[in-house]
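Me: I have a protein model open and I'm not sure how to read it. Could you walk me through it?

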Amino acid sequence: MYRPRAFAVDDVALLRKFIRERTFATVALAVNGRVLFAYTPAVLDGDGLGCLRFHLAKANPVCAAADGADLNISFLGGDAYISPDWYATQGRVPTWNYMAVEACGRARKLSREGLHKLLVDISADQENRLLPKPPWLIGKVGKSKLEGLLNAIEGFEVVLEKLEGKFKLSQNVGPADIDGAIAGLEARGDARSAAIADAMKSLRPG
């Protein structure tokens, strides 16, 4: 991705944390001169850059082409419009703040056992976020229904070769402008703007 220095994030621990919190991925690959996209929850494993696991419907054209292919995978965080009126400095123009992480690597199809484990891991991760609700378990799905589900999807893993982030959060303007933008976002009162305001606050020194 295009990453001006002020917005580039290369802290692997921070990028991994972002992926684990965001979970939902956009998967892209080129097939016969066209870029195809798919959307799926993903599980991040391992150390270092790590390994992503996800599944796709067999009927999805991306699924048919993914095994052995080089994939680009994107995780988008919050985003929000920034009005120039919020800045202390006059003469600035509108912009958009957002957070994104991109990864790439070669895909390998999972075995049926690996696909089953992936489904268990995805649901366990998400159900854990709903505590104290008793967790839903895959054992609640009837055997024949589960077999039908497994027959309709394929699982993949991608050992990551590159991981990079872009957190565009007004790092290129002064403290007074940042404070003004945060105040403006918070005044909007919607969750998306509040999330970007919180992310901007997290970059303040101290």
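**Reading the fold**

Reply: Sure! Keep in mind that this is a predicted model. A handy start is to ask how much of the chain is tucked away: here, buried residues make up 40% of the 206 residues.

Me: Okay. How many helices and strands are there in the chain?

Reply: You'd list the elements and then look at their order. This chain has 6 helices and 7 strands. Starting from the N terminus, they run β-α-β-β-β-α-β-β-α-α-β-α-α.

Me: And what are the rough dimensions of the box the C-alpha atoms fill?

Reply: For that, we use a box along the principal axes, and the C-alpha atoms fill roughly 65 × 45 × 30 Å.

Me: Which residues in the largest nonpolar core touch the most other members?

Reply: Here we look for buried nonpolar residues joined through their side chains. The largest such core has 43 residues, and Leu 52, Phe 54, Leu 71, Ile 73, Phe 75 and Met 200 touch the most other members. Apart from that one lies another core of 10 residues, including Leu 118 and Ile 138.

Me: Take Leu 71. What is it in contact with, leaving aside neighbours within four places in sequence?

Reply: Leu 71 has contacts that include Val 27, Leu 29, Phe 54, Cys 104 and Val 158. Across the chain, 74% of the contacts with a separation of 6 or more involve residues 24 or more positions apart.

Me: How far apart are the mean positions of the positive and negative charges?

Reply: You take the mean position of each kind. For the 27 positive and 24 negative charges, those two points are 3 Å apart.

Note on methods. Residues are numbered from 1 along each chain as its sequence is written. This is a predicted model: local features need pLDDT of at least 70, side-chain atom pairs count only at pLDDT 80 or more; totals for chains, interfaces and linings use all residues. Side-chain values use heavy atoms; hydrogens and water are left out. Helices (H or I, at least four residues) and strands (E, at least two) are DSSP runs, numbered from the N terminus. Buried means under 20% relative accessible area, exposed over 50%, partly exposed in between (1.4 Å probe, protein chains only). Contact means heavy atoms within 4.5 Å. Lys and Arg count as positive and Asp and Glu as negative; His and the chain ends are not counted. The place of a charge is taken as NZ of Lys, CZ of Arg, CG of Asp or CD of Glu. A nonpolar core is a set of buried Ala, Val, Leu, Ile, Met, Phe, Trp, Tyr and Cys residues joined through side-chain atoms within 4.5 Å.
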